[in-house]
Amino acid sequence: MPCRRQFLGYLPLALTGSIAAAATLGSRPARAAAMLGEQEPQALKVGYMADSSRVDPRKYPAHKPSQTCANCQLYQGDEGSAAGGCALFGGKDVAAKGWCSAWEQG
Ligand code: SF4
């Protein structure tokens, strides 16, 4: 579980994403969001991987194979969906089987 300092560090990412999502929703009809790429700067900051099984255990020793976006508290996708929104990355979808270091038990 991220500590308070880590959470505060994620705040700018979440705010930027939320503003982007609001702008997108306000100007276009609803559609599937673009997928977050692993190499995008905001993804690199939190070690996002589109497949939780590929997370490097040396880099993220707290990661457990059972942790995925689908069971993260910040995941906004529908149950059973392959991808969905994330409160951290507003405006982009993440893979349901993905993971990042901001994962929180859902
Ligand atoms: S683990 Fe949680 S915070 Fe990280 S990308 Fe997936 S849904 Fe978002």
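Biologist: In this predicted model, which residue of β3 is the bridge partner of A34?

Modeller: The partner of A34 is K92 in β3, and this bridge belongs to the pairing of β1 and β3, which runs in the parallel sense over two bridges.

Biologist: What makes β1 and β3 count as paired strands?

Modeller: A pair needs at least two bridges found by DSSP, and β1 and β3 have two bridges, so the requirement is met.

Biologist: How do you know that β2 and β3 pair as well, and in which sense?

Modeller: Three bridges join β2 and β3 in the antiparallel sense, where at least two are required, so this too is a pair. G84 stands opposite V94 of β3, and G85 has D93 of β3 as its bridge partner. The hairpin formed by β2 and β3 has six residues between the strands, and G91 there takes a positive phi near 95°.

Biologist: Why is the pairing in the sheet called mixed?

Modeller: The open sheet has the order β1-β3-β2 with mixed pairing: β1 and β3 pair in the parallel sense, whereas β2 and β3 pair in the antiparallel sense.

Biologist: What makes β1 and β2 the edge strands?

Modeller: Each of them, β1 at 34-35 and β2 at 83-85, pairs on one side only. Along the sequence, the chain as a whole follows the pattern α-β-α-β-β, with two helices and three strands.

Biologist: Which way do the residues of β3 point?

Modeller: K92 and V94 point one way from β3 while D93 and A95 point the other way, and all are buried. That agrees with the general rule that side chains in a regular strand alternate between the two faces of the sheet.

Biologist: Why is M49 called buried?

Modeller: The cut-off for a buried residue is 20 or more other C-beta atoms within 10 Å, and M49 has 20 such neighbours, so M49 counts as buried. M49 lies in the loop between α2 (41-45) and β2. Leaving aside neighbours within four places in sequence, M49 is in contact with E38, R54, V55, G98 and W99; the C-alpha atoms of M49 and W99 are separated by 5.5 Å, although the two residues are 50 residues apart along the chain.

Biologist: What makes G47 partly exposed?

Modeller: G47 has 17 other C-beta atoms within 10 Å, and because the class in between requires over 12 but under 20, G47 is partly exposed. G47 also lies in the loop between α2 and β2, and beyond four places in sequence it touches K59, Y60, C100 and S101.

Biologist: Why is S66 called exposed?

Modeller: A residue is exposed with 12 or fewer such atoms, and S66 has 7 within 10 Å, so S66 is exposed. S66 is likewise found in the loop between α2 and β2, and its C-alpha atom is separated by 9.5 Å from that of K97, 31 residues apart along the chain.

Biologist: How do you know that E104 is partly exposed?

Modeller: E104 has 14 other C-beta atoms within 10 Å, which lies between the limits of 12 and 20, so E104 is partly exposed. E104 belongs to the segment after β3 (92-95), and its C-alpha atom is separated by 5.2 Å from that of C72.

Biologist: Which residues come nearest to the ligand?

Modeller: C69, C72, C86, C100 and W103 come nearest, of 13 residues around the ligand. The shell divides into twelve nonpolar residues, one polar and no charged. C69 and C86 also appear, with Y48, V94 and W99, among the members of the largest nonpolar core that touch the most other members.

Biologist: Where is pLDDT under 50?

Modeller: It stays under 50 over residues 19-29, for which the model has five contacts beyond four places in sequence. Helix α1 (residues 4-27) has the lowest mean pLDDT of the elements, 53, and β3 the highest, 98. Where pLDDT is low, the predicted coordinates should not be read in detail. Over the whole protein chain the mean pLDDT is 84, and 71% of the residues reach 70 or more.

Notes
Residues numbered from 1 in each chain as written. Predicted model: local features only at pLDDT ≥ 70, side-chain atom pairs only at ≥ 80, totals over all residues. Helix = DSSP H or I, 4+ residues; strand = E, 2+ residues; numbered from the N terminus. Near = placed C-beta within 6 Å. Nonpolar A, V, L, I, M, F, W, Y, C, P; charged D, E, K, R; others polar. pLDDT = per-residue confidence, 0-100. Contact = placed C-beta atoms within 7 Å. Core = buried A, V, L, I, M, F, W, Y, C linked by C-beta atoms within 7 Å.
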